[in-house]
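Work through the exercises below with the sequence and the 3D view side by side, and try each task before reading its solution.

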Amino acid sequence: MDYQDFFQQRIDGLKRQGNYRRFAELERSPGKFPHVSVAGGQEVTVWCSNDYLGMGQNPKVIAAMHAALDQNGAGAGGTRNISGTGTAHVALERALAGLHSKESALLFNSGYMSNWASLSTLASQLPGCVVFSDASNHASMIEGIRHSRARCEVFAHNDPADLARRMAELPRETPKLVAFESVYSMDGDIAPIATICDVAERYGAMTYLDEVHAVGMYGPQGAGIAARDGQAHRITLIEGTLAKGFGVIGGYIAGSASLCDFVRSYASGFIFTTALPPMVAAGALAAINELAGRDDLRARHADRVARVRAALDAEGVPHYANPSHIVPVIVGDPVKCRAMTDMLLEDFGIYVQPINYPTVPKKTERLRITPSPLHSDADIAHLAQSLGEVWSAFKLSRAA
């Protein structure tokens, strides 16, 4: 077999389909976000960052990381079990447990890893466990469940009735785990957490809630949607990230002391991975502490989102209506989606990444716009006007 030819043919196929991913090389400078430089020096405005609140450039976060770097050096030096647990890791885990009003928390190197390792461990170790997974769950959750080899029942997205119907088919004593998200990253819709908890409790199931796109931005002290809705105490395990609202890197789970200790003791994805550098843990802790008292920043964020939606409406650019900070603008064609983002970058100085299959279903290709508190009124007006011109250039249908 000609291996290199096989690789190239598959890549060429992705390019023909419009699904080939190209990276934009960005130069972020503290104090300038959401404005960055791209290769060649052109300044552009970023409209697709997951650093939702701009905490990646927050002076307190940067100062904490500098101090930890000077005090502890660059790396952790080993896995958490072998010389890699430092004061910064312990302090961060305590803060995360407190944020979610749980007994304990456990750090991972990424949100992907925290989902993959925790779900695969729980579902494989609980004897005869059946996992009930929302149809729109993130790839990291799907991979973790798949790796566990446990039986998986996929219930209709945000549909507690379908979840109940599927659970009713199993004996109550069967171990069950309901895995779902609070804010879904591509459509921006929000789960009916209370109703899902009602179903889970009725049938004796644990609940596993991914709050990756909510922590820092919603609820008291930025604790997420479950806390905002007064449901956090009903969730068995809350999973989150330090890489989005908190602006750094890493993932975590929060739950009972025995649950976190169980995952710590059995999850290979935790046991055999070098710990986060202490400076990263220190930066994340600074971000959590800063956002605990920044309801003003969360209010500003909500205002920016509302203004973007209103500006798009005025231009007739259709977008999904949802109650979150994610603004999906549906194009429905991968080639056009790619070409539109190229045009926005080159002609208008706007960077937004096309979202194509397999991240979203075919025919729902989109621009995923994520306003931040740092986008100005002028930034918003320029985005809407530019999108309106691009929409006309590609002869796409306008919203009423």
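**Exercise 1: an enclosed space**

The largest cavity is lined by R80, H89, L107, F108, N109, M113, G269, F270, T273, T274, A275 and L276. The elements that contribute two or more residues to this lining are β4 (104-108) and α10 (268-271). The model is a predicted one, in which local features need pLDDT of at least 70 and side-chain atom pairs count only at pLDDT 80 or more, while totals for chains, interfaces and linings use all residues. Residues are numbered from 1 along each chain as its sequence is written, and side-chain values use heavy atoms, with hydrogens and water left out.

Task: state how many cavities of 30 Å³ or more the structure holds, and how much space lies in the largest cavity.

Solution. Begin with the term: on a 1 Å grid over the protein atoms alone, a cavity is a set of points where a 1.4 Å probe fits but cannot get out, and lining residues have an atom within 4 Å of a point. Grid points are joined across faces, edges and corners, and a volume is the space filled by probe spheres set on the points. With that cut-off, the structure holds one cavity of 30 Å³ or more, and the space in the largest cavity is about 80 Å³.

**Exercise 2: from a sheet to a helix**

Task: find the bridge partner of T45 in β12, and then say what H382 contacts beyond its sequence neighbours.

Solution. First, place the strands (DSSP runs of E, at least two residues, whereas helices are runs of H or I, at least four residues, both numbered from the N terminus). Two strands pair if DSSP finds at least two bridges between them, and an open sheet of four strands runs in the order β1-β2-β3-β12 with mixed pairing. Its edge strands, each pairing on one side only, are β1 (26-27) and β12 (350-351). Strand β3 (residues 43-46) pairs with β12 in the parallel sense over two bridges, and the partner of T45 in β12 is I350.

Next, move from I350 to H382, which belongs to helix α14 (residues 377-393). The two residues are 32 places apart along the chain, and their C-alpha atoms are separated by 8.8 Å. When neighbours within four places in sequence are left aside, H382 is in contact (heavy atoms within 4.5 Å) with F348 and I350.

**Exercise 3: backbone angles and surroundings**

Task: decide whether N158 and K395, both with positive phi, are buried or exposed.

Solution. The general background is that most residues other than glycine have a negative phi, and most peptide bonds are trans. N158 has phi near 55° and sits in the loop between β6 (151-155) and α6 (160-167). K395 has a positive phi of about 55° as well, and its place is in the segment after α14. Buried means under 20% relative accessible area, exposed over 50%, and partly exposed in between (1.4 Å probe, protein chains only). N158 counts as buried because its relative accessible area is 18%, whereas K395 counts as exposed because its value is 73%.

Task: locate the cis peptide bonds that precede P34 and P358.

Solution. The bond from F33 to P34 is cis, with omega near 15°, and P34 is in the loop between β1 and β2 (35-38). The bond joining Y357 and P358 is also cis, with omega about 10°, and P358 is in the loop between β13 (354-355) and β14 (366-369).

Methods:
On a 1 Å grid over the protein atoms alone, a cavity is a set of points where a 1.4 Å probe fits but cannot get out, and a pocket is an open set with protein on both sides within 12 Å along at least five of seven lines; lining residues have an atom within 4 Å of a point.
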